[in-house]
Number of protein chains: 2
Amino acid sequence: MDIVSQNRSFGGVQAVYRHPSNTCGCEMTFAAYLPPQSRSGPVPVLWYLSGLSCTHENAMTRGGFQEHAARHGLAVIFPDTSPRGESVADDPDDDLGQGAGFYLNATRDPWARNFRMYDYILHELRSLVLEHLPVADRHGITGHSMGGHGALTLALRNSEMFESVSAFAPIANPTRSDWGRKQLSAYLGDDESAWSHHDSTLLLEELGWKSDILVDQGADDQFLDLLRPEALADTMARRRQPGRVRLQRGYDHSYYFVNTFACDHVAWHAERLN
Amino acid sequence: MDIVSQNRSFGGVQAVYRHPSNTCGCEMTFAAYLPPQSRSGPVPVLWYLSGLSCTHENAMTRGGFQEHAARHGLAVIFPDTSPRGESVADDPDDDLGQGAGFYLNATRDPWARNFRMYDYILHELRSLVLEHLPVADRHGITGHSMGGHGALTLALRNSEMFESVSAFAPIANPTRSDWGRKQLSAYLGDDESAWSHHDSTLLLEELGWKSDILVDQGADDQFLDLLRPEALADTMARRRQPGRVRLQRGYDHSYYFVNTFACDHVAWHAERLN
(Lines give C-alpha, C1' and ligand atoms only; values in the text may rest on other atoms or scores of the structure.)
Protein backbone atom coordinates (compact mmCIF):
# COMPACT_ATOMS: atom_id res chain seq x y z
CA MET A 1 0.00 0.00 0.00
CA ASP A 2 1.64 3.29 -1.09
CA ILE A 3 1.03 6.54 0.76
CA VAL A 4 -0.07 9.22 -1.73
CA SER A 5 -0.50 12.00 0.83
CA GLN A 6 -0.86 12.61 4.55
CA ASN A 7 -2.18 15.83 6.06
CA ARG A 8 -2.78 16.65 9.69
CA SER A 9 -6.49 17.38 10.18
CA PHE A 10 -8.35 18.02 13.45
CA GLY A 11 -5.54 16.41 15.42
CA GLY A 12 -5.66 13.24 13.30
CA VAL A 13 -4.39 12.41 9.83
CA GLN A 14 -6.15 12.55 6.47
CA ALA A 15 -4.29 10.06 4.29
CA VAL A 16 -4.63 8.84 0.70
CA TYR A 17 -3.36 5.39 -0.27
CA ARG A 18 -2.86 3.54 -3.56
CA HIS A 19 -2.64 -0.22 -3.93
CA PRO A 20 -2.86 -2.90 -6.63
CA SER A 21 -6.29 -4.54 -6.49
CA ASN A 22 -6.73 -8.19 -7.44
CA THR A 23 -10.50 -7.81 -7.34
CA CYS A 24 -10.63 -4.87 -9.76
CA GLY A 25 -7.56 -5.80 -11.80
CA CYS A 26 -6.09 -2.31 -11.57
CA GLU A 27 -4.52 0.17 -9.16
CA MET A 28 -7.07 1.56 -6.72
CA THR A 29 -6.94 4.73 -4.63
CA PHE A 30 -8.74 5.37 -1.36
CA ALA A 31 -8.66 7.92 1.44
CA ALA A 32 -8.68 7.26 5.17
CA TYR A 33 -9.17 9.70 8.00
CA LEU A 34 -7.57 8.50 11.22
CA PRO A 35 -8.75 10.42 14.29
CA PRO A 36 -6.42 11.37 17.16
CA GLN A 37 -7.91 8.53 19.25
CA SER A 38 -6.39 5.99 16.82
CA ARG A 39 -2.94 6.74 18.26
CA SER A 40 -3.92 5.12 21.56
CA GLY A 41 -5.82 2.10 20.21
CA PRO A 42 -7.97 0.76 17.39
CA VAL A 43 -11.08 2.80 16.52
CA PRO A 44 -14.29 1.73 14.72
CA VAL A 45 -14.62 2.39 10.99
CA LEU A 46 -17.21 4.46 9.15
CA TRP A 47 -17.32 3.70 5.41
CA TYR A 48 -18.40 6.58 3.18
CA LEU A 49 -19.35 5.60 -0.39
CA SER A 50 -19.45 8.41 -2.95
CA GLY A 51 -21.81 9.18 -5.81
CA LEU A 52 -21.71 9.16 -9.61
CA SER A 53 -18.60 10.79 -11.13
CA CYS A 54 -16.87 11.16 -7.74
CA THR A 55 -13.50 9.76 -6.70
CA HIS A 56 -12.18 9.16 -3.17
CA GLU A 57 -11.52 12.89 -3.05
CA ASN A 58 -14.85 14.72 -3.19
CA ALA A 59 -16.21 13.80 0.22
CA MET A 60 -12.73 13.86 1.73
CA THR A 61 -12.29 17.53 0.80
CA ARG A 62 -15.90 18.78 0.83
CA GLY A 63 -17.85 16.59 3.24
CA GLY A 64 -16.53 17.96 6.52
CA PHE A 65 -16.40 14.51 8.10
CA GLN A 66 -12.99 14.90 9.74
CA GLU A 67 -14.17 17.34 12.41
CA HIS A 68 -16.96 15.03 13.57
CA ALA A 69 -14.92 11.85 13.25
CA ALA A 70 -12.21 13.43 15.41
CA ARG A 71 -14.79 14.34 18.07
CA HIS A 72 -16.29 10.85 18.14
CA GLY A 73 -13.15 8.78 17.55
CA LEU A 74 -14.10 7.09 14.28
CA ALA A 75 -11.90 6.33 11.28
CA VAL A 76 -13.55 7.21 7.96
CA ILE A 77 -12.72 5.30 4.76
CA PHE A 78 -13.49 6.99 1.42
CA PRO A 79 -13.17 4.40 -1.39
CA ASP A 80 -13.14 5.33 -5.06
CA THR A 81 -16.40 4.75 -6.98
CA SER A 82 -15.02 2.37 -9.62
CA PRO A 83 -11.92 0.80 -11.12
CA ARG A 84 -9.95 3.23 -13.28
CA GLY A 85 -7.27 3.32 -15.94
CA GLU A 86 -6.71 3.23 -19.67
CA SER A 87 -7.32 -0.50 -19.87
CA VAL A 88 -10.59 -0.26 -17.91
CA ALA A 89 -13.84 -0.05 -19.91
CA ASP A 90 -15.69 3.25 -19.85
CA ASP A 91 -18.76 4.99 -21.25
CA PRO A 92 -18.91 8.41 -19.59
CA ASP A 93 -21.72 9.73 -21.79
CA ASP A 94 -24.05 7.13 -20.34
CA ASP A 95 -23.14 7.34 -16.61
CA LEU A 96 -21.54 3.93 -17.04
CA GLY A 97 -18.04 2.72 -16.30
CA GLN A 98 -15.39 4.79 -14.57
CA GLY A 99 -16.91 6.81 -11.72
CA ALA A 100 -20.13 4.78 -11.92
CA GLY A 101 -19.39 1.37 -10.43
CA PHE A 102 -22.75 1.13 -8.62
CA TYR A 103 -21.19 -1.07 -5.90
CA LEU A 104 -21.96 -4.37 -7.65
CA ASN A 105 -20.05 -7.18 -9.36
CA ALA A 106 -20.65 -6.86 -13.11
CA THR A 107 -21.32 -10.10 -14.98
CA ARG A 108 -21.48 -8.76 -18.54
CA ASP A 109 -18.71 -7.72 -20.91
CA PRO A 110 -16.91 -5.38 -21.18
CA TRP A 111 -17.53 -4.64 -17.49
CA ALA A 112 -17.12 -8.03 -15.81
CA ARG A 113 -13.32 -8.01 -15.81
CA ASN A 114 -12.83 -4.91 -13.60
CA PHE A 115 -16.15 -3.71 -12.21
CA ARG A 116 -16.33 -5.65 -8.94
CA MET A 117 -16.82 -2.85 -6.43
CA TYR A 118 -19.09 -5.00 -4.25
CA ASP A 119 -16.36 -7.56 -3.60
CA TYR A 120 -13.66 -4.91 -3.56
CA ILE A 121 -15.21 -2.95 -0.71
CA LEU A 122 -16.63 -5.82 1.32
CA HIS A 123 -13.58 -8.05 1.11
CA GLU A 124 -10.37 -6.75 -0.42
CA LEU A 125 -10.40 -3.19 0.89
CA ARG A 126 -11.89 -4.21 4.23
CA SER A 127 -9.06 -6.72 4.75
CA LEU A 128 -6.45 -4.20 3.69
CA VAL A 129 -7.80 -1.56 6.07
CA LEU A 130 -8.02 -4.00 8.97
CA GLU A 131 -4.49 -5.20 8.33
CA HIS A 132 -2.73 -1.88 7.80
CA LEU A 133 -4.62 0.81 9.70
CA PRO A 134 -5.18 1.20 13.47
CA VAL A 135 -8.85 0.25 13.31
CA ALA A 136 -11.16 -2.20 15.06
CA ASP A 137 -13.24 -4.80 13.20
CA ARG A 138 -16.41 -2.82 13.88
CA HIS A 139 -18.05 -1.02 10.96
CA GLY A 140 -20.75 1.44 10.01
CA ILE A 141 -21.52 2.49 6.44
CA THR A 142 -23.01 5.56 4.77
CA GLY A 143 -22.86 7.28 1.41
CA HIS A 144 -24.36 9.84 -0.93
CA SER A 145 -26.57 9.27 -3.98
CA MET A 146 -25.10 6.23 -5.82
CA GLY A 147 -23.03 5.82 -2.64
CA GLY A 148 -26.17 5.89 -0.49
CA HIS A 149 -27.45 3.07 -2.68
CA GLY A 150 -24.14 1.29 -2.11
CA ALA A 151 -24.24 1.78 1.67
CA LEU A 152 -27.80 0.47 2.02
CA THR A 153 -27.41 -2.49 -0.33
CA LEU A 154 -24.05 -3.61 1.08
CA ALA A 155 -25.32 -3.38 4.67
CA LEU A 156 -28.73 -5.00 4.06
CA ARG A 157 -27.14 -7.97 2.28
CA ASN A 158 -24.37 -8.34 4.87
CA SER A 159 -25.87 -7.41 8.20
CA GLU A 160 -23.21 -9.41 10.08
CA MET A 161 -20.52 -7.08 8.63
CA PHE A 162 -22.00 -3.72 9.69
CA GLU A 163 -23.38 -2.42 12.99
CA SER A 164 -24.96 0.72 11.55
CA VAL A 165 -26.17 2.12 8.23
CA SER A 166 -27.29 5.54 7.01
CA ALA A 167 -27.53 7.37 3.70
CA PHE A 168 -27.61 10.84 2.17
CA ALA A 169 -30.04 11.16 -0.75
CA PRO A 170 -29.60 7.51 -1.82
CA ILE A 171 -30.69 6.12 -5.19
CA ALA A 172 -33.31 4.24 -3.22
CA ASN A 173 -35.10 2.22 -5.86
CA PRO A 174 -32.81 1.86 -8.90
CA THR A 175 -34.83 -0.92 -10.55
CA ARG A 176 -37.52 1.72 -11.13
CA SER A 177 -35.27 4.66 -12.04
CA ASP A 178 -33.22 5.88 -15.00
CA TRP A 179 -30.43 6.08 -12.43
CA GLY A 180 -30.29 2.32 -12.17
CA ARG A 181 -32.10 0.50 -14.98
CA LYS A 182 -29.51 1.49 -17.57
CA GLN A 183 -26.57 0.55 -15.35
CA LEU A 184 -28.11 -2.65 -13.95
CA SER A 185 -28.91 -3.76 -17.49
CA ALA A 186 -25.41 -2.99 -18.77
CA TYR A 187 -23.58 -4.53 -15.82
CA LEU A 188 -25.87 -7.49 -15.04
CA GLY A 189 -27.89 -8.17 -18.19
CA ASP A 190 -31.55 -7.86 -18.99
CA ASP A 191 -32.86 -10.50 -16.58
CA GLU A 192 -34.37 -8.20 -13.96
CA SER A 193 -34.48 -10.90 -11.29
CA ALA A 194 -30.71 -10.36 -10.84
CA TRP A 195 -31.28 -6.66 -10.20
CA SER A 196 -33.25 -6.96 -6.99
CA HIS A 197 -30.09 -7.66 -4.96
CA HIS A 198 -29.03 -4.13 -5.83
CA ASP A 199 -32.16 -2.21 -4.89
CA SER A 200 -32.36 -1.11 -1.25
CA THR A 201 -36.14 -0.76 -1.29
CA LEU A 202 -36.57 -4.35 -2.49
CA LEU A 203 -33.85 -5.63 -0.15
CA LEU A 204 -35.41 -3.92 2.84
CA GLU A 205 -38.79 -5.41 1.93
CA GLU A 206 -37.22 -8.87 1.80
CA LEU A 207 -34.64 -8.76 4.59
CA GLY A 208 -35.35 -5.84 6.92
CA TRP A 209 -32.49 -4.40 8.98
CA LYS A 210 -31.47 -5.53 12.44
CA SER A 211 -31.27 -2.06 13.94
CA ASP A 212 -32.47 1.40 12.88
CA ILE A 213 -31.73 3.34 9.68
CA LEU A 214 -31.09 7.06 9.13
CA VAL A 215 -31.76 8.61 5.71
CA ASP A 216 -31.50 12.31 4.96
CA GLN A 217 -32.93 13.65 1.72
CA GLY A 218 -33.06 17.25 0.49
CA ALA A 219 -36.65 18.25 -0.23
CA ASP A 220 -35.43 20.52 -3.06
CA ASP A 221 -33.13 17.87 -4.54
CA GLN A 222 -33.05 18.37 -8.32
CA PHE A 223 -32.90 14.56 -8.78
CA LEU A 224 -35.76 13.62 -6.47
CA ASP A 225 -37.65 11.74 -9.20
CA LEU A 226 -34.58 9.61 -9.94
CA LEU A 227 -33.83 8.90 -6.26
CA ARG A 228 -37.36 7.78 -5.27
CA PRO A 229 -37.01 8.22 -1.48
CA GLU A 230 -40.79 7.66 -1.20
CA ALA A 231 -40.37 4.02 -2.24
CA LEU A 232 -37.90 3.38 0.59
CA ALA A 233 -39.96 5.38 3.10
CA ASP A 234 -43.10 3.51 2.14
CA THR A 235 -41.40 0.14 2.59
CA MET A 236 -39.96 1.23 5.94
CA ALA A 237 -43.42 2.29 7.10
CA ARG A 238 -45.19 -0.85 5.88
CA ARG A 239 -42.54 -3.10 7.38
CA ARG A 240 -42.49 -1.04 10.59
CA GLN A 241 -38.72 -0.82 10.17
CA PRO A 242 -37.16 1.35 12.92
CA GLY A 243 -35.48 4.41 11.49
CA ARG A 244 -35.99 7.89 10.10
CA VAL A 245 -36.28 9.30 6.60
CA ARG A 246 -35.88 13.05 7.03
CA LEU A 247 -36.93 15.31 4.16
CA GLN A 248 -34.82 18.40 4.72
CA ARG A 249 -36.55 21.55 3.58
CA GLY A 250 -34.60 23.72 1.12
CA TYR A 251 -31.66 21.36 0.57
CA ASP A 252 -30.50 20.16 -2.87
CA HIS A 253 -28.28 17.24 -4.01
CA SER A 254 -24.93 18.99 -3.52
CA TYR A 255 -22.14 18.53 -1.02
CA TYR A 256 -23.55 21.52 0.89
CA PHE A 257 -26.38 19.17 1.86
CA VAL A 258 -24.00 16.34 2.83
CA ASN A 259 -21.77 18.78 4.72
CA THR A 260 -24.71 20.17 6.71
CA PHE A 261 -25.88 16.78 7.95
CA ALA A 262 -22.50 15.01 8.22
CA CYS A 263 -22.48 15.92 11.92
CA ASP A 264 -25.73 14.02 12.59
CA HIS A 265 -24.66 10.95 10.62
CA VAL A 266 -21.25 10.64 12.27
CA ALA A 267 -22.88 11.00 15.71
CA TRP A 268 -25.52 8.39 14.76
CA HIS A 269 -22.87 5.87 13.74
CA ALA A 270 -20.65 6.67 16.74
CA GLU A 271 -23.55 5.98 19.11
CA ARG A 272 -23.97 2.54 17.55
CA LEU A 273 -20.26 1.72 17.12
CA ASN A 274 -18.69 2.92 20.37
CA MET B 1 -25.16 41.30 -9.94
CA ASP B 2 -25.98 37.88 -11.44
CA ILE B 3 -26.60 34.85 -9.27
CA VAL B 4 -24.37 31.97 -10.44
CA SER B 5 -25.55 29.46 -7.83
CA GLN B 6 -27.38 29.20 -4.54
CA ASN B 7 -27.23 26.18 -2.23
CA ARG B 8 -28.80 25.73 1.17
CA SER B 9 -26.05 25.16 3.73
CA PHE B 10 -26.37 24.89 7.53
CA GLY B 11 -29.75 26.59 7.41
CA GLY B 12 -28.39 29.54 5.43
CA VAL B 13 -27.44 30.01 1.78
CA GLN B 14 -24.09 29.60 0.04
CA ALA B 15 -24.33 31.83 -3.04
CA VAL B 16 -21.98 32.71 -5.90
CA TYR B 17 -22.37 36.02 -7.75
CA ARG B 18 -20.87 37.53 -10.89
CA HIS B 19 -20.72 41.22 -11.68
CA PRO B 20 -18.95 43.64 -14.02
CA SER B 21 -16.15 45.41 -12.12
CA ASN B 22 -15.14 48.96 -12.99
CA THR B 23 -12.11 48.69 -10.75
CA CYS B 24 -10.71 45.55 -12.37
CA GLY B 25 -12.07 46.18 -15.88
CA CYS B 26 -13.52 42.69 -16.19
CA GLU B 27 -16.25 40.42 -14.87
CA MET B 28 -15.58 39.34 -11.29
CA THR B 29 -16.95 36.37 -9.36
CA PHE B 30 -17.31 36.09 -5.59
CA ALA B 31 -19.04 33.81 -3.12
CA ALA B 32 -21.12 34.83 -0.10
CA TYR B 33 -22.38 32.68 2.72
CA LEU B 34 -25.49 34.12 4.36
CA PRO B 35 -26.29 32.54 7.71
CA PRO B 36 -29.86 31.79 8.85
CA GLN B 37 -29.75 34.87 11.14
CA SER B 38 -29.55 37.11 8.05
CA ARG B 39 -33.23 36.40 7.36
CA SER B 40 -34.23 38.35 10.44
CA GLY B 41 -31.82 41.27 10.15
CA PRO B 42 -28.40 42.42 8.91
CA VAL B 43 -25.42 40.41 10.14
CA PRO B 44 -21.72 41.39 10.38
CA VAL B 45 -19.35 40.39 7.57
CA LEU B 46 -16.22 38.23 7.72
CA TRP B 47 -14.02 38.64 4.64
CA TYR B 48 -11.95 35.59 3.68
CA LEU B 49 -9.11 36.27 1.21
CA SER B 50 -7.67 33.23 -0.58
CA GLY B 51 -4.15 32.27 -1.52
CA LEU B 52 -2.07 31.92 -4.69
CA SER B 53 -3.83 30.06 -7.55
CA CYS B 54 -7.18 29.96 -5.71
CA THR B 55 -10.50 31.36 -6.88
CA HIS B 56 -13.58 32.25 -4.79
CA GLU B 57 -14.30 28.52 -4.72
CA ASN B 58 -11.52 26.78 -2.78
CA ALA B 59 -12.30 28.05 0.70
CA MET B 60 -16.03 28.04 -0.02
CA THR B 61 -15.96 24.29 -0.69
CA ARG B 62 -13.04 23.16 1.48
CA GLY B 63 -12.73 25.63 4.35
CA GLY B 64 -15.71 24.52 6.43
CA PHE B 65 -16.60 28.11 7.35
CA GLN B 66 -20.37 27.77 6.81
CA GLU B 67 -20.97 25.63 9.88
CA HIS B 68 -19.23 28.12 12.18
CA ALA B 69 -20.66 31.20 10.48
CA ALA B 70 -24.17 29.74 10.87
CA ARG B 71 -23.57 29.18 14.58
CA HIS B 72 -22.25 32.69 15.17
CA GLY B 73 -24.46 34.60 12.72
CA LEU B 74 -21.78 35.99 10.41
CA ALA B 75 -21.87 36.41 6.64
CA VAL B 76 -18.66 35.28 4.93
CA ILE B 77 -17.49 36.84 1.66
CA PHE B 78 -15.01 34.88 -0.48
CA PRO B 79 -13.61 37.20 -3.23
CA ASP B 80 -11.60 35.91 -6.15
CA THR B 81 -7.81 36.40 -5.95
CA SER B 82 -7.38 38.49 -9.11
CA PRO B 83 -9.04 39.83 -12.25
CA ARG B 84 -9.53 37.15 -14.89
CA GLY B 85 -10.24 36.73 -18.59
CA GLU B 86 -8.59 36.45 -21.97
CA SER B 87 -7.88 40.17 -22.13
CA VAL B 88 -6.28 40.20 -18.66
CA ALA B 89 -2.47 39.90 -18.44
CA ASP B 90 -1.07 36.68 -17.04
CA ASP B 91 2.20 34.92 -16.28
CA PRO B 92 1.30 31.66 -14.53
CA ASP B 93 4.82 30.23 -14.65
CA ASP B 94 6.00 33.03 -12.37
CA ASP B 95 3.12 33.14 -9.80
CA LEU B 96 2.14 36.43 -11.38
CA GLY B 97 -1.14 37.61 -12.85
CA GLN B 98 -4.35 35.63 -12.74
CA GLY B 99 -4.76 33.93 -9.36
CA ALA B 100 -1.93 36.01 -7.90
CA GLY B 101 -3.31 39.54 -7.40
CA PHE B 102 -1.53 40.04 -4.05
CA TYR B 103 -4.29 42.44 -2.89
CA LEU B 104 -2.56 45.56 -4.20
CA ASN B 105 -3.09 48.15 -6.95
CA ALA B 106 -0.50 47.51 -9.65
CA THR B 107 1.21 50.57 -11.11
CA ARG B 108 3.31 48.91 -13.81
CA ASP B 109 2.33 47.58 -17.23
CA PRO B 110 0.94 45.19 -18.24
CA TRP B 111 -0.67 44.80 -14.80
CA ALA B 112 -1.85 48.33 -13.98
CA ARG B 113 -4.99 48.18 -16.11
CA ASN B 114 -6.73 45.29 -14.29
CA PHE B 115 -4.79 44.33 -11.17
CA ARG B 116 -6.45 46.56 -8.57
CA MET B 117 -7.56 44.03 -5.97
CA TYR B 118 -6.84 46.45 -3.11
CA ASP B 119 -9.39 48.97 -4.34
CA TYR B 120 -11.72 46.25 -5.59
CA ILE B 121 -12.12 44.62 -2.19
CA LEU B 122 -11.99 47.71 0.01
CA HIS B 123 -14.33 49.82 -2.09
CA GLU B 124 -16.16 48.28 -5.05
CA LEU B 125 -16.97 44.86 -3.62
CA ARG B 126 -17.58 46.23 -0.14
CA SER B 127 -20.15 48.70 -1.53
CA LEU B 128 -21.79 46.02 -3.64
CA VAL B 129 -22.08 43.65 -0.70
CA LEU B 130 -23.47 46.36 1.58
CA GLU B 131 -26.00 47.40 -1.05
CA HIS B 132 -27.26 43.99 -2.17
CA LEU B 133 -26.83 41.55 0.72
CA PRO B 134 -28.51 41.53 4.16
CA VAL B 135 -25.36 42.57 6.01
CA ALA B 136 -24.38 45.23 8.52
CA ASP B 137 -21.53 47.70 7.94
CA ARG B 138 -19.34 45.89 10.46
CA HIS B 139 -16.40 43.89 9.16
CA GLY B 140 -13.72 41.42 10.13
CA ILE B 141 -11.10 40.07 7.74
CA THR B 142 -9.02 36.90 7.51
CA GLY B 143 -7.29 34.86 4.81
CA HIS B 144 -4.81 32.13 3.99
CA SER B 145 -1.24 32.49 2.68
CA MET B 146 -1.32 35.30 0.05
CA GLY B 147 -4.82 35.94 1.45
CA GLY B 148 -3.46 36.17 5.00
CA HIS B 149 -1.07 38.80 3.67
CA GLY B 150 -4.09 40.53 2.09
CA ALA B 151 -6.13 40.40 5.30
CA LEU B 152 -3.36 41.82 7.47
CA THR B 153 -2.26 44.55 5.05
CA LEU B 154 -5.80 45.71 4.22
CA ALA B 155 -6.78 45.84 7.89
CA LEU B 156 -3.59 47.48 9.17
CA ARG B 157 -3.80 50.24 6.53
CA ASN B 158 -7.54 50.76 7.05
CA SER B 159 -8.20 50.20 10.73
CA GLU B 160 -11.40 52.28 10.57
CA MET B 161 -12.89 49.76 8.09
CA PHE B 162 -12.34 46.56 10.10
CA GLU B 163 -13.09 45.61 13.70
CA SER B 164 -11.08 42.41 13.71
CA VAL B 165 -8.25 40.73 11.79
CA SER B 166 -6.75 37.25 11.75
CA ALA B 167 -4.73 35.13 9.34
CA PHE B 168 -3.90 31.53 8.46
CA ALA B 169 -0.25 31.01 7.46
CA PRO B 170 0.10 34.52 6.00
CA ILE B 171 2.92 35.62 3.73
CA ALA B 172 4.03 37.75 6.63
CA ASN B 173 7.07 39.57 5.30
CA PRO B 174 6.90 39.57 1.48
CA THR B 175 9.58 42.25 1.00
CA ARG B 176 12.06 39.65 2.29
CA SER B 177 10.63 36.58 0.56
CA ASP B 178 10.58 35.02 -2.91
CA TRP B 179 6.81 34.97 -2.36
CA GLY B 180 6.67 38.72 -2.60
CA ARG B 181 9.78 40.33 -4.03
CA LYS B 182 9.10 39.05 -7.54
CA GLN B 183 5.44 40.11 -7.46
CA LEU B 184 6.03 43.47 -5.74
CA SER B 185 8.70 44.25 -8.28
CA ALA B 186 6.51 43.25 -11.25
CA TYR B 187 3.38 45.03 -10.01
CA LEU B 188 4.92 48.11 -8.35
CA GLY B 189 8.39 48.53 -9.87
CA ASP B 190 11.86 48.27 -8.43
CA ASP B 191 11.66 51.16 -5.95
CA GLU B 192 11.35 49.17 -2.74
CA SER B 193 10.02 52.11 -0.73
CA ALA B 194 6.63 51.51 -2.43
CA TRP B 195 6.62 47.89 -1.25
CA SER B 196 6.46 48.55 2.47
CA HIS B 197 2.71 49.34 2.28
CA HIS B 198 2.23 45.70 1.31
CA ASP B 199 4.22 43.98 4.02
CA SER B 200 2.31 43.25 7.22
CA THR B 201 5.43 42.99 9.36
CA LEU B 202 6.57 46.47 8.27
CA LEU B 203 3.04 47.88 8.55
CA LEU B 204 2.59 46.50 12.04
CA GLU B 205 5.94 47.99 13.06
CA GLU B 206 4.81 51.38 11.73
CA LEU B 207 1.11 51.46 12.59
CA GLY B 208 0.27 48.79 15.17
CA TRP B 209 -3.27 47.48 15.38
CA LYS B 210 -6.04 48.89 17.54
CA SER B 211 -7.14 45.56 18.98
CA ASP B 212 -5.66 42.05 19.11
CA ILE B 213 -4.51 39.82 16.25
CA LEU B 214 -4.85 36.04 15.78
CA VAL B 215 -2.41 34.21 13.49
CA ASP B 216 -2.30 30.44 13.07
CA GLN B 217 0.66 28.83 11.35
CA GLY B 218 1.36 25.15 10.75
CA ALA B 219 4.69 24.19 12.28
CA ASP B 220 5.23 21.63 9.48
CA ASP B 221 4.23 24.05 6.71
CA GLN B 222 6.31 23.21 3.64
CA PHE B 223 6.54 26.95 2.82
CA LEU B 224 7.63 28.19 6.24
CA ASP B 225 10.78 29.86 4.88
CA LEU B 226 8.73 31.82 2.34
CA LEU B 227 6.06 32.85 4.87
CA ARG B 228 8.44 34.18 7.57
CA PRO B 229 6.01 34.07 10.52
CA GLU B 230 8.96 34.75 12.84
CA ALA B 231 9.32 38.26 11.40
CA LEU B 232 5.72 39.09 12.28
CA ALA B 233 5.93 37.41 15.69
CA ASP B 234 9.12 39.28 16.49
CA THR B 235 7.55 42.61 15.59
CA MET B 236 4.45 41.81 17.63
CA ALA B 237 6.62 40.95 20.62
CA ARG B 238 8.86 44.01 20.34
CA ARG B 239 5.88 46.32 19.84
CA ARG B 240 3.97 44.57 22.66
CA GLN B 241 1.10 44.21 20.20
CA PRO B 242 -1.81 42.26 21.78
CA GLY B 243 -2.46 39.04 19.92
CA ARG B 244 -1.38 35.46 19.41
CA VAL B 245 0.80 33.73 16.84
CA ARG B 246 0.13 30.03 17.31
CA LEU B 247 2.55 27.54 15.76
CA GLN B 248 0.39 24.45 15.32
CA ARG B 249 2.38 21.25 15.66
CA GLY B 250 2.10 18.81 12.73
CA TYR B 251 0.04 21.01 10.40
CA ASP B 252 1.05 21.87 6.82
CA HIS B 253 -0.04 24.60 4.37
CA SER B 254 -3.13 22.81 3.04
CA TYR B 255 -6.84 23.42 3.48
CA TYR B 256 -6.84 20.66 6.10
CA PHE B 257 -4.99 23.16 8.28
CA VAL B 258 -7.42 26.00 7.47
CA ASN B 259 -10.39 23.69 7.99
CA THR B 260 -9.13 22.58 11.40
CA PHE B 261 -8.76 26.11 12.78
CA ALA B 262 -11.66 27.80 10.93
CA CYS B 263 -13.79 27.25 14.03
CA ASP B 264 -11.43 29.28 16.24
CA HIS B 265 -11.11 32.13 13.73
CA VAL B 266 -14.85 32.50 13.13
CA ALA B 267 -15.45 32.51 16.91
CA TRP B 268 -12.67 35.08 17.36
CA HIS B 269 -14.20 37.42 14.80
CA ALA B 270 -17.74 36.84 16.09
CA GLU B 271 -16.67 37.84 19.59
CA ARG B 272 -15.35 41.13 18.24
CA LEU B 273 -18.14 41.80 15.72
CA ASN B 274 -21.31 40.86 17.62
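Me: Where does the partly exposed class begin and end, and where does D264(B) fall in this predicted model?
Reply: Buried means under 20% relative accessible area, exposed means over 50%, and partly exposed is what lies in between. The model here is predicted. D264(B) counts as partly exposed because its relative accessibility is 33%.

Me: Which residue pairs with D264(B) in a salt bridge, and what does the pair tie together?
Reply: The side chains of the two residues meet at 2.8 Å, N to O. D264(B) lies in helix α9 of chain B, while its partner lies in strand β9, residues 243-248. The pair therefore ties together parts that are 18 residues apart in sequence. The partner is R246(B).

Me: Is R246(B) buried, partly exposed or exposed?
Reply: The cut-off for buried is under 20% relative accessible area. R246(B) has 22% relative accessibility, so this residue counts as partly exposed.

Me: Which residues are joined into one network by salt bridges that share partners?
Reply: Side chains of opposite charge can pair when their charged atoms come close. In chain A, salt bridges with shared partners form one network. Its members are E205(A), D234(A) and R238(A).

Me: What are the N to O distance and the accessibility classes for the salt bridge of R228(A) and E230(A)?
Reply: R228(A) has 21% relative accessibility, so it counts as partly exposed. E230(A) has 46%, so it counts as partly exposed. Their side chains meet in a salt bridge, N to O, at 4.0 Å.

Me: Which residue forms a salt bridge with R272(A), and is that partner buried or exposed?
Reply: The closest N and O atoms of the pair are 3.6 Å apart. The partner is E271(A). At 62% relative accessibility, E271(A) counts as exposed.

Me: How many salt bridges are there over all chains, and how many lie across the interface of chain B and chain A?
Reply: The count over all chains comes to 23. Across the interface of chain B and chain A, the count is zero.

Me: How many residue pairs are in polar contact between chain B and chain A, and which elements of chain B give two or more residues to that side?
Reply: Eight residue pairs are in polar contact between the chains. On the side of chain B that touches chain A, the elements giving two or more residues are β1 (2-9), α1 (57-62), α2 (65-72) and α9 (255-273).

Me: What area do chain B and chain A bury between them, and which three residues supply the most on chain B?
Reply: The two chains bury about 1,800 Å² between them. Carbon and sulfur atoms hold 47% of it. On chain B, three residues supply 36% of the area buried against chain A, more than any other three. They are R8(B), F10(B) and Y256(B).

Me: How many residues does each chain give to the contact, and why do the copies meet through the same surface?
Reply: Chain B gives 22 residues and chain A gives 22 residues. The copies meet through the same surface because the interface residues of chain B are also interface residues in chain A, to the extent of 100%.

Me: What kind of axis relates chain B to chain A, and which residue of chain B comes closest to it?
Reply: A turn of 180° with a shift of 0.0 Å along the axis lays chain B on chain A, with an RMSD of 0.0 Å. That is the relation of a two-fold axis. Of the residues of chain B, the closest to the rotation axis is at 2.6 Å by its C-alpha: R62(B).

Me: Where is the kink in helix α3 of chain B centred?
Reply: Helix α3 of chain B spans residues 117-132 and has a kink of about 35°. The residue at the centre is among the buried residues of α3(B), which also include Y118(B) and V129(B). The kink is centred on L125(B).

Me: Which elements of chain B do the buried residues of α3(B) pack against?
Reply: Among these buried residues are M117(B), I121(B) and L128(B). They belong to a buried set that packs against β2 (12-21), β3 (26-34), β4 (43-49), β5 (75-79), β6 (135-143) and α4 (146-157).

Me: Which peptide bond of chain B is cis, and where is its proline?
Reply: The bond joins D109(B) and P110(B), with omega about 0°. P110(B) is in the loop between β5 and α3 of chain B.

Me: What is the phi of S145(A), and is this residue buried or exposed?
Reply: S145(A) lies in the loop between β6 (135-143) and α4 (146-157) of chain A. Its phi is near 60°, a positive value in a residue other than glycine. With a relative accessible area of 4%, S145(A) is buried.

Conventions. Residues numbered from 1 in each chain as written. Chains lettered and ligands numbered in written order. Predicted model: local features only at pLDDT ≥ 70, side-chain atom pairs only at ≥ 80, totals over all residues. Heavy atoms only, no water. Least-squares fit on C-alpha atoms with pLDDT ≥ 70 in both. Contact = heavy atoms within 4.5 Å. Bend = angle between axes of the 7 residues up to and from the residue. Helix = DSSP H or I, 4+ residues; strand = E, 2+ residues; numbered from the N terminus. Buried < 20%, exposed > 50% of the residue type's maximum accessible area, 1.4 Å probe, protein only. Buried area = accessible area lost by both parts, 1.4 Å probe. Polar contact = N/O pair within 3.5 Å; in protein donor to acceptor, adjacent residues only side chain to side chain.
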